[in-house]
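The following exercises concern an interface, internal empty space and backbone geometry. Each task is followed by a solution that proceeds step by step.

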Amino acid sequence: MTTTDGGFAGKVLRVDLSTGKISTQDTREKYGAVLGGTGLGYQVLWEEVPAGTNAFDPGNKIVFATGVLAGTGVPCNGRTAVTCLFPTCWPKHLVGSGHMGGNFAAKLKYAGYDALIVEGKADRPVWIFIRDNRVELRDASRLWGSGIRRANLEISQEMGADCSVAAIGQAGEKLAPMAIVSNSLSHSAGGVGGVMGSKNLKAIGVQGSGAVRIAGDKGQWEQLIKFHLSILGGNNQHVVPSFPTPQSEYYNPGSRWVGEPGKRWGAADPPVEITGNIFDLNRIAYRTNTAAFFLGDGAWKHTVRGNGCTACPIRCHTVLSVPAVEAKYGIKKSAQNTCAGLFFGRTFFKSMPGGFKGPESLEACMVGMHLADDLGVWCNYGQLQRDFLKLQREGLLKAKLGAKEYNSIAWDKFEAADPAFLFDILPRIGERRGELGHVLSQGTAGLFSQWGISEEYWSRDHNAVYWKMGHPKHHANEDDGQCGVIINTQYNRDSQCHSHSNFVRNGLPLAVQKKLAAETWGSPDAVDAVGDYTPMNVHKARRARWSLVRKELHDCLGLCNWMGPWVASPLKERGYRGDDSLESRFYSLATGQKVDREGLDLMGERIFTLHRALTMRDMGEPDMRARHDTVPPWVFEDLSGAAPFTKGTIRMDRADIALAMDLFYEVMGWDKATGAPTKEAYARLGLSDVGKTLAESNLVPGSKA
Amino acid sequence: MTPEETTVLAEAAVEAVREASRQGRLVTSQDVLAALEADGTFLAPVGLESKEQPPLAEDLCALLAGILAESQEIASFESLSGGRTLYHAPALLSRTYARILDRKGFPLQLMVEEIRSNSRDYPRPVPVELFEAPPFDLTPEEIEHALKALAASPDHQDITFTTAPTGALYLFSTLHLERGYATFLAQRAESLVMNP
Ligand code: SF4
């Protein structure tokens, strides 16, 4: 591999599937200003994919981009941003990205590449073979029609055990917008599988013999890694355990830090009992058991271990072994995943006999993972299941499907909450069978475009929690009042931002959170107690800006925004402070390019603003405030009639949210009336050319002649 | 004692508390005295063996109490059972945990204090199962008994409960949380497993 100053692998690999041409570019020279990850993806789309392109056109490009810290020893790295025009975005395909962890990013860097840009369309099914400088298109005909697991296995056998394979399943092949690409069994990026399918690209296998060079002092680098480890909590940076401990003054029964001495990974061979001090750095991997958190204490006895991304000690993908499902459903007894992927199966049901933490729920989750992770079906952060339940509850499925198809669905199993129902419903969606499969595989967009259901109607439902543009809320007002609302207005899919929610859910008492908020965002009023929201203020707007900028930074550096940023920590001796400059300190040491916190945040802001510009260009829309940054009606309503700002409601006030958007646009340096970045904002961020291009289309405030 | 001897004694006393905290134990000044006598560090380094009349244990305990009160590293509080000052090193055994240890054996007080402090500080109601898990380790019968006693006790009328839609019972104190807000927080706590 090429050596560089450090951090970057050095090259971006480009594969044109139409012509078979394989080429490389210098990363720093071409993409250094946008760091990597989503930034690199946005730049490619800005420069190379014209407005009006459909996600499934050969003209759409799909960019697998890692970042400077991927493949290093920095905790919680290993993320790959997969950016393209996003097929679940409604009513028009706009820029979006999915994010996968696992070890794909590290392998790509060890092979010498910071990113892989795939363009065009192959004339037959292919997969991309990458082994250092050797890059080939290989025939995937024999794999076409198979699930992700088989594709992964066969390619691994061909390449050797040390490769990483990112593959699509039948859903992607059939151009389902609701399709994933996945590596390392469960590390998936949603919504982009169909784009690969549209290019006849089944998989990418990558193997690298190089390493990532660190430019800075080795001692300082190792010290910083050790420090970073010391300020880690459990998953989602929950910095207090769910139980009282001698080491901490605080605990939180809602914390994802559920591992404590005495708990056992009961299905490990032999079983592993957690012993010692759970605060020790070599005990971090015992803190998180995502299955125990989401599926209940009963999951401990089925736990084999945690699986995770490169260099991440959190290991939030819990590996489960449930022998009963082998005999009952004829599936493998083991499966692994995290969060929404872990409980994919149970959420297709109205309720489960033993509750969502009972044994039936666990079995449904095992069946769900078995099917969805192989077919490659995406849940759109649970919206697929919420849509399905709402359609069924309201008789819309009966009304929309022909009687024959409706009656062919195993409703008896659905009503009985029998996990076997998933063998009926999931292949319909993954293989796009029948009207139901065809529509649901398009996501919520399918309901609007195929069945004429109005978006306005859908966005009134408090259970469906649909937000806009085909996607749901993602840590909005239910977690973080106005800050959550602002964040949820900004993307073309669900916001996937955790910078804010990781902080408000960190488990520290309100007074400590307020102290940290004052230090980080200038005022204790930057944060409220959940459900006890106070009127909008500028500090909240600053925190929203910070959250979004850090999310983009993480997505560009190869870090996990499900863990960062790290402004809080479990360390009593630090007053539970984390370190808000960690990312810039790592970046500086890795690249040898000294950048402080403000400097790196500016780069993050540039990338976030490029996303905004790209969205505006492709929408052709100057008034983002009215047409893009919208908030669904359910946010402004409380079913019990509670008024905004009363304790115990997440209801927001319309005038206050209007003020929130005013203040947010103001701190971003955007035009308040339209929410569009101004000429000055583009110039400040080194994006004058972007601003100029948009001005030609009257998309910059005041640019009209 | 010379200033040097006092320093040595202070360090030994603090270390005895630290060691107990490391082991998850709270100690009284008598316990500290016993520890120092047991390992011989009490008499030898401070030259008390040369005294004609051995000092009374109470005097020695008072001396140690004075020393521990001076230490920035050591915290103390009056035990719930009364009449005893308990010492711990908060860096090794947190204040919260120390109070839980002290209340073990007194289920009612254990629950009341935990419910009130959670309602006041975080703020949040707590699920009743919390008390079955370590370090509380109460049996369902003990919890039930304590809840009944609380309902009948005029001093604890602030302790009440709310039931989440999942059926889970959450306890809170009306001194610090309004019922409506506690109900909201309980519902939210239960919803976290569906809101990743
Ligand atoms: S927290 Fe989970 S998703 Fe994030 S880097 Fe670690 S293992 Fe990967």
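The exercises below refer to this predicted model.

**Exercise 1. The interface**

Task: Characterise the contact between chain A and chain B by its residues, its buried area and its polar interactions.

Solution.

Step 1. Chain A contributes 41 residues to the contact, and chain B contributes 30 residues.

Step 2. The size of an interface is often given as the accessible area lost when the parts come together. Between chain A and chain B, about 2,800 Å² is buried, and carbon and sulfur atoms give 57% of this area.

Step 3. Two salt bridges are counted between the chains. In a salt bridge between B:Glu178 and A:Lys647, the N to O distance is 3.3 Å, which falls within the 4 Å cut-off. In addition, 22 residue pairs with both members at pLDDT 80 or more are in polar contact between chain A and chain B.

Step 4. On the side of chain A that touches chain B, at least two residues each come from α9 (290–295), α11 (339–342) and α21 (477–489). That side comprises 19 nonpolar, 10 polar and 12 charged residues.

**Exercise 2. The cavities**

Task: Determine how many cavities of 30 Å³ or more the whole structure contains, and describe the lining of the largest cavity and of the second largest cavity.

Solution.

Step 1. Rolling a probe the size of a water molecule over the atoms shows where empty space is left. The search of the whole structure yields eight cavities of 30 Å³ or more.

Step 2. The volume of the largest cavity is about 640 Å³. Its lining consists of 41 residues, with A:His99, A:Ser188, A:Thr338, A:Cys339 and A:Trp562 closest to the centre.

Step 3. In chain A, β5 (94–100), β11 (187–190), α11 and α12 each supply at least two residues of this lining. The largest share, four residues, belongs to β11(A). By class, the lining of the largest cavity has 20 nonpolar, 16 polar and five charged residues.

Step 4. The second largest cavity has a volume of about 50 Å³. Its lining residues include A:Gln237, A:Phe503, A:Trp546 and A:Pro565. Helix α22 (residues 499–504) of chain A gives the most to this lining, namely three residues. Five of the lining residues are nonpolar and four are polar, with no charged residue among them.

**Exercise 3. The second largest pocket**

Task: Which secondary-structure element supplies the largest share of the lining of the second largest pocket?

Solution.

Step 1. The second largest pocket has a volume of about 470 Å³ and is lined by 18 residues. Nearest its centre lie A:Arg149, A:Asn152, A:Ser184, A:Leu185 and A:Gln336.

Step 2. The elements of chain A that each supply at least two lining residues are α4 (148–159), β9 (164–168), β17 (334–337) and α12 (359–375). The largest share comes from α4(A), with four residues.

Step 3. Seven residues of this lining are nonpolar, eight are polar and three are charged.

**Exercise 4. Backbone geometry**

Task: Where are A:Pro91, B:Pro135 and A:Cys76 placed, and what backbone feature is found at each?

Solution.

Step 1. A:Pro91 lies in the loop between β4 (80–86) and β5 of chain A. A cis peptide bond with omega of about 5° joins A:Trp90 to A:Pro91.

Step 2. B:Pro135 is in the loop between β3 (126–127) and α7 (140–152) of chain B. The peptide bond between B:Pro134 and B:Pro135 is cis, with omega of about 0°.

Step 3. A:Cys76 is located in the loop between β3 (62–65) and β4 of chain A. Although A:Cys76 is not a glycine, its phi is positive, at about 65°.

Note on methods
Residues are numbered from 1 along each chain as its sequence is written. Chains are lettered from A and ligands numbered from 1 in the order in which they are written. This is a predicted model: local features need pLDDT of at least 70, side-chain atom pairs count only at pLDDT 80 or more; totals for chains, interfaces and linings use all residues. Side-chain values use heavy atoms; hydrogens and water are left out. Contact means heavy atoms within 4.5 Å. Buried area is the accessible area (1.4 Å probe) that two parts lose on being put together, summed over both. A salt bridge is a side-chain nitrogen of Lys or Arg within 4 Å of a carboxyl oxygen of Asp or Glu. A polar contact is a pair of N or O atoms within 3.5 Å; within protein, one must be able to donate a hydrogen and the other to accept it, and residues adjacent in sequence count only if both atoms are side-chain atoms. Ala, Val, Leu, Ile, Met, Phe, Trp, Tyr, Cys and Pro count as nonpolar, Asp, Glu, Lys and Arg as charged, and the others, Gly among them, as polar. On a 1 Å grid over the protein atoms alone, a cavity is a set of points where a 1.4 Å probe fits but cannot get out, and a pocket is an open set with protein on both sides within 12 Å along at least five of seven lines; lining residues have an atom within 4 Å of a point. Grid points are joined across faces, edges and corners, and a volume is the space filled by probe spheres set on the points.
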